[in-house]
Amino acid sequence: MVGKPLLLSKLVTQYKEWLTATYSPPDIEALRIDAAGYPAWTEIERYVAQLLAQQQLASLSHADQVNLLYLIARNWDIGSLIGWLSPTPGSPLSNVGDLAVTDFLRLATTVVTLKHPALTDAKYQFAAACRKFSALTKELETVLHAFCQDPDAYTRSQAEQSLRALGYVGPLSAVTEEGQ
């Protein structure tokens, strides 16, 4: 299954087709949807679990990373792809498999640069899940500071909470005021 390079694109297309068949364009645009009600989450979770088990995230193209991040964003209220709903230090970064720290940071570094509103839900998941780390590394601090610059207040709040939980003692207000 992992050998199919277009599967993430296909999964996103199938999800969007379900959206179109289930919701009106204004509801989709405003994200007034029940993403958790999508009937094929187990297929997506199974595929992501295989990607993790076979350590394939590092080989994803930028387009495939964006597709994965879109699915993560839509999975926000389930919290299975990124385990952000339980930000306990040391708990798994993903509830579908062993998400390596390097892969987590690679995806976080990508999502922080993306502007599409449909990806905001992925941003705050990554920002919140950073509290699972036991120490604040330079790379993690850089990613969290970038999240503090995000236009979305909830993303900024999650990033600030993660920085504080990891022992960051520098100013946060100067960081977030620039992003507002």
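This is a short dialogue on reading helix packing, a cavity and a pocket in a predicted model.

Reader: Let's start with helix packing. What are the angle and the axis distance for helix 1 and helix 3?

Author: For a helix pair, look at how the axes are turned and how far apart they lie. In this predicted model, helix 1 (residues 7-22) packs against helix 3 (residues 41-53) with an angle of about 160° and axes 11 Å apart. Angles over 145 degrees count as roughly antiparallel, so helix 1 is roughly antiparallel to helix 3. As for handedness, the crossing of helix 1 past helix 3 is left-handed.

Reader: Which residues of helix 1 and helix 3 make the contact?

Author: From helix 1 you have L7, L8, L11, Q14 and Y15, and helix 3 answers with W41, E43, I44, Y47 and L51. By class, that contact holds 8 nonpolar residues, 1 polar and 1 charged.

Reader: On to the next pair. Is helix 4 roughly parallel or roughly perpendicular to helix 6?

Author: Go from the angle to the label. The axes of helix 4 (62-74) and helix 6 cross at roughly 80° and come within 7 Å. The range from 65 to 115 degrees counts as roughly perpendicular, and therefore helix 4 and helix 6 get that label. Their contact is made by L69, I72, A73 and R74 on the helix 4 side, with D121, A122, Q125 and F126 on the helix 6 side. Sort those residues and you get 5 nonpolar, 1 polar and 2 charged.

Reader: And what about helix 5 with helix 6, at what angle do they pack?

Author: Helix 5 (residues 101-111) and helix 6 (residues 120-129) pack at about 135°, and their axes are 10 Å apart. That angle makes helix 5 oblique to helix 6. The crossing is left-handed here too, for helix 5 and helix 6. Helix 5 brings F104, L107, A108 and V111 to the contact, while helix 6 brings A122, K123, F126 and A129. The class count is 7 nonpolar, no polar and 1 charged. Notice that A122 and F126 of helix 6 are in this contact and also in the contact with helix 4.

Reader: Now for the empty space. How many cavities of 30 Å³ or more are there?

Author: With a cavity, check the count, then the volume, then the lining. The count comes to 1 cavity of 30 Å³ or more, and the largest cavity has a volume of about 50 Å³. Its lining is V48, L52, L57, L68, I72, L81, I82, S94, L99 and L107. Helix 3 and helix 4 are the elements that give two or more residues to that lining. Two names should ring a bell: I72 is also in the contact of helix 4 with helix 6, and L107 is in the contact of helix 5 with helix 6.

Reader: Which classes of residue line the largest cavity?

Author: The lining has 9 nonpolar residues, 1 polar and no charged ones.

Reader: Last one, the pocket. How much space lies in the largest pocket, and what lines it?

Author: Read a pocket by volume, then by who sits closest to the centre. The largest pocket holds about 310 Å³ of space. It is lined by 15 residues, and the closest to its centre are K16, L31, Y70, H116 and A118. Helix 1, helix 2 (25-29) and helix 4 each supply at least two lining residues. Helix 4 gives the most, with 4 residues.

Reader: How many charged residues are in the lining of the largest pocket?

Author: There are 3 charged residues, along with 10 nonpolar and 2 polar.

Terms used:
Residues numbered from 1 in each chain as written. Predicted model: local features only at pLDDT ≥ 70, side-chain atom pairs only at ≥ 80, totals over all residues. Heavy atoms only, no water. Axes fitted to C-alpha atoms, helices over the stretch in contact; angles between N-to-C directions. Parallel < 35°, antiparallel > 145°, perpendicular 65-115°, else oblique. Left-handed = near helix turned anticlockwise from the far one by under 90°. Contact = heavy atoms within 4.5 Å. Nonpolar A, V, L, I, M, F, W, Y, C, P; charged D, E, K, R; others polar. 1 Å grid on protein atoms, 1.4 Å probe; cavity = no way out; pocket = protein on both sides within 12 Å on 5 of 7 lines; lining within 4 Å. Points joined across faces, edges and corners; volume = space filled by probe spheres on them.
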